Protein chains: 2
Amino acid sequence: MTGAGETTLPTLVAEFTARKPAALARALSIIENHRADCDALLAALHPRLGRARRVGITGPPGAGKSTLAMRLAARWRSDGLTVGIVAVDPTSPFTGGALLGDRIRMEAVALDPGIFIRSMATRGALGGLAATTREAADVLDAYGFDRVLIETVGVGQSELDIARTADTSVVVLVPESGDSIQTMKAGLMEIADLFVVNKADRPGADRLRQELELMLGLRLGLVYKNVPSHHRVDLRPLNPARAARRAAAEPADAGGRWTPPVLAAVAATGEGIDALASALDAHFDYLGRSGALRVRRRQRLRERVVDAAERRVRSRLWENGAMQTWLESQLDALEAGALTPLAVAEALLARSAARLAESSTERSPDDHRS
Amino acid sequence: MTGAGETTLPTLVAEFTARKPAALARALSIIENHRADCDALLAALHPRLGRARRVGITGPPGAGKSTLAMRLAARWRSDGLTVGIVAVDPTSPFTGGALLGDRIRMEAVALDPGIFIRSMATRGALGGLAATTREAADVLDAYGFDRVLIETVGVGQSELDIARTADTSVVVLVPESGDSIQTMKAGLMEIADLFVVNKADRPGADRLRQELELMLGLRLGLVYKNVPSHHRVDLRPLNPARAARRAAAEPADAGGRWTPPVLAAVAATGEGIDALASALDAHFDYLGRSGALRVRRRQRLRERVVDAAERRVRSRLWENGAMQTWLESQLDALEAGALTPLAVAEALLARSAARLAESSTERSPDDHRS
């Protein structure tokens, strides 16, 4: 993006700290491409973390998440706040997946120097989309943005994992999403701190709000009777164990637990955005008051360590291609059934360990920062 | 599922080989729960792999994937073939996410002893949904099913990864999915060997077919002119590098590359299912003739080794909880910014290595199969 040649990490960090946009773009590229120095970069930025509020916006394709994100960003800008946006939705206008009209609207927002938008390429399992997204949010936080918005499409498990990296998760639904969305709600219920019924001027919006409120009432243990059967929906969370763990881990406020409000909005016209911004402030206040913010952020720290450790272990295994080459040489025997994948994996680990033991006497522990 | 107590792995394998349904269910549970003996189980089943044809069915929520899968299974049954189904769609009727009527229809199919249906719980990133699904398909293959169907919702990256574990990937779309689906097509184009326009009796079906055929023509390098602009769609694959790698890795047939056909179906009535079954046979013939089947299956073997190796490395790291406990003790310093996640990760790896070196003198290499 900068067009400049390679700079050293200390130079990059210095330019980043001086808030040079080119350094920001470069730092994000290092993260996204999992370059060798990404761990060292994250370590250098670590002391600068924790100032930004992170808001996740999740929902099905076509729910208007990007438009809502834009409106929210514009609203925050009018309060003098700066906003960094990470979009990991392959169907998002930010990532080029949308119609031209949407893209033009996005670009108008992108011209504001107080807003920075980065779309993440979706990556394979090895890259770890949730980890990369959290790290990109870290970079935006360290750079000094007041708000960091993370936009994800909320269908797959990895997308739900991404949403959990935010301080506050907003789930956006639309009336016309219909039955297919109906069945997605259980998964989204796990992560929602706030619901937005977008395109609230369309038919079915009131019914969707009522349904969501019923579901929330149920989650809170309210009585579920005298309810027309067509309003009864399946409430099982996708992963009940995780939902329970999360509920148990988060302290109740003095005034009790947080009840996710159900807001109506028409993102295209800006209707409902002020109420959304207020609700986000209220949720952040709750997080601070109740101690839940600390719980969530400590969980993020825990995950950072786990990711860094596992990434290091993996890169040790596959670095320099020797193990890949050896693996290729075993494919014929695997194909013939003469060897099992487990046997090959164990032989591979033994070879790797031997190689590491050999090379560890030759190199310094800081070699990986080259 | 069986209600029986713990059996040893050799007993389980013996019962599995004798085709006892309880052993099948148990084997799948071991895989799904990532139990300690899952690697050993997969190793025991490895020589039995490769007989089944694996067909992936992917598409957006509400496209009718499950109904299509059922119809296809019934069609194969009428040819005397047995069918194993793995559903990893949280919105699938197989996983309980659907309306009651759908579930009842599913149960009718499930009563046929020649059909076995297993719905996978969606798992976190650590579990590895794509790996678990491939392993479940391995188990069904080893058990002796002639066809293995893998149903996934095609939105997130992990779902696309799952689809790549099949020999043949069917992408199901519906006319009324509208713009949001429009923007998903690029991702689905990467993996489709066959398109099905389902609910083809509804308005817009012909237009969707034409659009898909245009996209395919473009992919094949046909000229894209004299096309009304509303028919021009964004064709960039989600991950061009991967799409190119895959195209390069797969040999062309004597008669050229495979051109994904676009079929019409009304799964609810069974219309179009015979044509789909024939197209699947034709694709499998092509895979065999061109050598592409071997390329795809070798790629699966490679991934099995990588998964087994990385899983082993991870489980060594976290087994017995000692490292988790130590990590908890570092959280305060991390939170204060006195330590970085990378520094904690490296200290953790050093501790783990020391612990392993210590214990490796005390235990035999086969301990993990306990």
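Two strands count as paired here if DSSP finds at least two bridges between them. With that in hand, a good place to start in this predicted model is strand β2 of chain A, residues 83-87. Strand β2(A) pairs with strand β4 of chain A (residues 147-153) in the parallel sense, and five bridges hold the pairing. One of the matched positions is A87(A), whose bridge partner in β4(A) is E151(A). Strand β2(A) also has strand β3 of chain A (residues 115-119) as a neighbour: five bridges join them, and the two run parallel. Here V86(A) sits opposite R118(A) of β3(A).

As for surroundings, five of the five residues of β2(A) are buried, so the strand is largely enclosed by the rest of the structure. Buried in this case means under 20% relative accessible area. The residues of β2(A) split by direction: V83(A), I85(A) and A87(A) point one way, while G84(A) and V86(A) point the other way, and all are buried.

Now for the helices that bring chains A and B together. Helix α13 (residues 292-318) of chain A and its counterpart α13 (residues 292-318) of chain B have axes that come within 11 Å and cross at roughly 135°. Angles of 65 to 115 degrees count as roughly perpendicular and those over 145 as roughly antiparallel; α13(A) and α13(B) are therefore oblique to each other. The crossing of α13(A) with α13(B) is right-handed. On the chain A side, the contact is made by V306(A), A309(A), E310(A), V313(A), R314(A), L317(A) and W318(A), and these meet V306(B), A309(B), E310(B), V313(B), R314(B), L317(B) and W318(B) of α13(B). Sorted by class, the residues of this contact come out as 10 nonpolar, no polar and four charged.

Helix α13(B) also packs against helix α14 of chain A (residues 322-335), at an angle of about 110° and with the axes 10 Å apart. That makes α14(A) and α13(B) roughly perpendicular to each other, and α14(A) passes α13(B) in a right-handed crossing. From α14(A), the contact draws on L327(A), E328(A), L331(A), D332(A), L334(A) and E335(A), which meet R294(B), R298(B), L301(B), R302(B), V305(B) and V306(B) in α13(B). The class breakdown for α14(A) with α13(B) is six nonpolar, no polar and six charged residues. One residue to pick out is V306(B), which is among the residues of α13(B) that meet α13(A) and among those that meet α14(A).

Terms used
Residues are numbered from 1 along each chain as its sequence is written. Chains are lettered from A and ligands numbered from 1 in the order in which they are written. This is a predicted model: local features need pLDDT of at least 70, side-chain atom pairs count only at pLDDT 80 or more; totals for chains, interfaces and linings use all residues. Side-chain values use heavy atoms; hydrogens and water are left out. Axes are lines fitted to C-alpha atoms, for helices over the stretch in contact, and angles run from 0 to 180 degrees between N-to-C directions. Helices (H or I, at least four residues) and strands (E, at least two) are DSSP runs, numbered from the N terminus. Angles under 35 degrees count as roughly parallel, over 145 as roughly antiparallel, 65 to 115 as roughly perpendicular and the rest as oblique. A crossing is left-handed if the near helix is turned anticlockwise from the far one by less than a right angle, and right-handed if clockwise. Contact means heavy atoms within 4.5 Å. Ala, Val, Leu, Ile, Met, Phe, Trp, Tyr, Cys and Pro count as nonpolar, Asp, Glu, Lys and Arg as charged, and the others, Gly among them, as polar. Buried means under 20% relative accessible area, exposed over 50%, partly exposed in between (1.4 Å probe, protein chains only).
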